[in-house]
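Hi everyone, thanks for making room for me today. I'd like to walk you through one structure, so let me put it up on the screen.

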Amino acid sequence: MSKSDTVSLKVEFGGGMELLFSNQRSHKLTIPARVPLDNGTSGLPADTTDENSKPADISYLIHHLKDHLLKERLELFYENGTVRPGILVLINDTDWELEGEGSYILKDRDEIIFISTLHGG
């Protein structure tokens, strides 16, 4: 893969989310620039075409994190194909709701932060 075939990201977790990801707050990731339409993270088939792939977006990143970095308690991070309610997602310090949520196309050197706003009591 050449550099243009991948996207390098910084992903951070806060508000207790890091406990689900090996107690590591910050992760540097490199993901494919084009990914399967179904957000499958096992890789694209060899006969990849634009019709069966899409640019890597936040939805794909969430699936990638779930499948490759999440170590415990899936239900505290992932629900119905996206992050569960109560998790604030920031894209380069901007609320993802202003950036198109899961459909935001990832760019090289983006910084994505997941912060839990849920607290036990």
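I'll start with the overall layout, then go to the helix, the aromatic residues and the pocket.

First, a reminder that this is a predicted model. The protein has one helix and nine strands. If you follow the sequence from the start, the order is β-β-β-β-α-β-β-β-β-β. There are 121 residues, and 40% of them count as buried. As for how the chain comes together, take the contacts between residues at least 6 apart in sequence: 54% of those join residues at least 24 apart.

Now, please look at helix 1, residues 58-68. Is helix 1 enclosed or open? Eight of its 11 residues are buried, so the rest of the structure largely encloses it. The buried ones are Ile58, Ser59, Tyr60, Leu61, Ile62, His63, His64 and Leu65.

Let me stay with one of these for a moment. Tyrosine 60, which sits in helix 1, has a relative accessible area of 3% and is therefore buried, the cut-off being under 20%. What does tyrosine 60 touch, once we leave out residues up to four places away in sequence? The list is Ile31, Pro32, Val35, Pro36, Asn39, Gly40 and Thr41. Leucine 37 is worth marking here too: it is 23 residues from tyrosine 60 along the chain, and the two C-alpha atoms are separated by 8.9 Å.

On to the aromatics. To describe a pair of aromatic rings, we give the distance of the centres and the angle of the planes. The model has four aromatic pairs. One of them joins phenylalanine 13 and phenylalanine 21, and this pair is stacked, with 3.9 Å centre to centre and 10 degrees between the planes. Phenylalanine 13 has a relative accessible area of 0%, so it counts as buried. Phenylalanine 21 is also at 0% and buried.

Phenylalanine 13 has another stacked partner, phenylalanine 114, at 5.6 Å centre to centre with 20 degrees between the planes. Which parts of the chain does this pair link? Phenylalanine 13 belongs to strand 1 (residues 6-14) and phenylalanine 114 to strand 9 (residues 110-116), so the pair connects distant parts of the chain, 101 residues apart. Both of these residues are buried.

Put together, Phe13, Phe21, Phe77 and Phe114 make up one aromatic cluster. Phenylalanine 77 comes from the loop between helix 1 and strand 5 (78-79), and it is buried as well, with a relative accessible area of 0%. Its C-alpha is 9.6 Å from that of leucine 65, with the two positions 12 residues apart in sequence; leucine 65 is one of the buried residues of helix 1.

While we're in this region, have a look at lysine 66. It lies over the face of tyrosine 78, at 5.0 Å from the ring centre.

Last stop, the largest pocket. How much space lies in it? About 210 Å³. Its lining consists of Gly15, Gly16, Met17, Leu19, Leu20, Glu72, Arg73, Leu76, Arg84, Ser116 and Leu118. By type, those residues divide into five nonpolar, three polar and three charged.

That's the tour, and I'm happy to go back to any part of it.

Methods. Residues are numbered from 1 along each chain as its sequence is written. This is a predicted model: local features need pLDDT of at least 70, side-chain atom pairs count only at pLDDT 80 or more; totals for chains, interfaces and linings use all residues. Side-chain values use heavy atoms; hydrogens and water are left out. Buried means under 20% relative accessible area, exposed over 50%, partly exposed in between (1.4 Å probe, protein chains only). Helices (H or I, at least four residues) and strands (E, at least two) are DSSP runs, numbered from the N terminus. Contact means heavy atoms within 4.5 Å. On a 1 Å grid over the protein atoms alone, a cavity is a set of points where a 1.4 Å probe fits but cannot get out, and a pocket is an open set with protein on both sides within 12 Å along at least five of seven lines; lining residues have an atom within 4 Å of a point. Grid points are joined across faces, edges and corners, and a volume is the space filled by probe spheres set on the points. Ala, Val, Leu, Ile, Met, Phe, Trp, Tyr, Cys and Pro count as nonpolar, Asp, Glu, Lys and Arg as charged, and the others, Gly among them, as polar. Rings of Phe, Tyr and Trp (its six-membered ring) pair if their centres lie within 6.5 Å; planes under 30 degrees apart count as stacked, over 60 as edge-to-face and the rest as tilted. A charge sits over a ring if NZ of Lys or CZ of Arg is within 6 Å of the ring centre and within 35 degrees of the ring normal.
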